[in-house]
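Biologist: I'd like to go through this one with you before I head back to the bench. Can you take me through how it packs?

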Amino acid sequence: MTNRNNSINVPEARGAMDRFKMEAASEVGVNLKDGYNGDLTSREAGSVGGQMVKKMIEAYEQQMH
């Protein structure tokens, strides 16, 4: 079984990642709160993660041009 964790490789980036996550959640209409969000449905959590990936891909594509 693979060993997964939820740690950030660069601890200094945690604040930026939290802001990025909140921004993505707002864009897809998911109400995140600071701290624990275990009450989210899988669909809500997936839509936030999907929006984050979409925005990262868009940023990368912008850098390519």
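Modeller: Sure, we'll go through helix packing, the core, salt bridges and a few single residues, bearing in mind that this is a predicted model.

Biologist: At what angle do the axes of α1 and α2 cross?

Modeller: Helix α1 covers residues 14-27 and helix α2 covers residues 42-64. Their axes come within 8 Å of each other. Angles from 65 to 115 degrees count as roughly perpendicular, so α1 is roughly perpendicular to α2. The crossing angle itself is roughly 110°.

Biologist: Which residues of α2 meet α1?

Modeller: From α1, the contact takes in Met17, Phe20, Lys21, Glu23, Ala24, Ala25 and Glu27. By class, the contact between the two helices has seven nonpolar, one polar and four charged residues. On the α2 side, the residues are Val48, Gln51, Met52, Lys55 and Met56.

Biologist: Which helix gives the most to the largest nonpolar core?

Modeller: That core has seven residues: Phe20, Ala24, Ala25, Val30, Leu32, Val48 and Met52. Both α1 and α2 supply at least two residues each. As a general point, nonpolar side chains in soluble globular proteins tend to be buried together. With three residues, the biggest giver to this core is α1.

Biologist: What does valine 48 contact, leaving aside neighbours within four places in sequence?

Modeller: Val48 belongs to the largest nonpolar core, and Val48 is also one of the α2 residues that meet α1. With those sequence neighbours left aside, valine 48 is in contact with Lys21, Ala24, Ala25, Val28 and Val30.

Biologist: Is glutamine 51 buried or exposed?

Modeller: Glutamine 51 sits in helix α2. Leaving aside neighbours within four places in sequence, its contacts are Ala24, Glu27 and Val28. Its relative accessible area is 14%, and the cut-off for buried is under 20%. So glutamine 51 is buried.

Biologist: How many salt bridges are there?

Modeller: Generally speaking, side chains of opposite charge can pair when their charged atoms come close. Here, lysine 55 pairs with glutamate 23 at 3.0 Å, N to O, and lysine 55 also pairs with glutamate 27 at 3.1 Å. Aspartate 39 and lysine 33 form a salt bridge too, at 3.1 Å. The count comes to three.

Biologist: Which residues are linked in a network of salt bridges?

Modeller: Lysine 55 in helix α2 bridges to glutamate 23 in helix α1, so that pair ties together parts 32 residues apart in sequence. Lysine 55 also bridges to glutamate 27 in α1, 28 residues away along the chain. Glutamate 23 is partly exposed at 40% relative accessibility, and glutamate 27 is partly exposed at 42%. The network is made of Glu23, Glu27 and Lys55.

Biologist: Is aspartate 39 exposed or buried?

Modeller: Aspartate 39 shares a salt bridge with lysine 33. Lysine 33 counts as partly exposed, at 40% relative accessibility. For aspartate 39 the figure is 57%, and the cut-off for exposed is over 50%. So aspartate 39 is exposed.

Biologist: What distance separates the C-alpha atoms of asparagine 9 and lysine 33?

Modeller: Asparagine 9 lies in the segment before α1, and counts as exposed at 77% relative accessibility. Along the chain, asparagine 9 and lysine 33 are 24 residues apart. Their C-alpha atoms are separated by 23 Å.

Terms used
Residues are numbered from 1 along each chain as its sequence is written. This is a predicted model: local features need pLDDT of at least 70, side-chain atom pairs count only at pLDDT 80 or more; totals for chains, interfaces and linings use all residues. Side-chain values use heavy atoms; hydrogens and water are left out. Axes are lines fitted to C-alpha atoms, for helices over the stretch in contact, and angles run from 0 to 180 degrees between N-to-C directions. Helices (H or I, at least four residues) and strands (E, at least two) are DSSP runs, numbered from the N terminus. Angles under 35 degrees count as roughly parallel, over 145 as roughly antiparallel, 65 to 115 as roughly perpendicular and the rest as oblique. Contact means heavy atoms within 4.5 Å. Ala, Val, Leu, Ile, Met, Phe, Trp, Tyr, Cys and Pro count as nonpolar, Asp, Glu, Lys and Arg as charged, and the others, Gly among them, as polar. A nonpolar core is a set of buried Ala, Val, Leu, Ile, Met, Phe, Trp, Tyr and Cys residues joined through side-chain atoms within 4.5 Å. Buried means under 20% relative accessible area, exposed over 50%, partly exposed in between (1.4 Å probe, protein chains only). A salt bridge is a side-chain nitrogen of Lys or Arg within 4 Å of a carboxyl oxygen of Asp or Glu.
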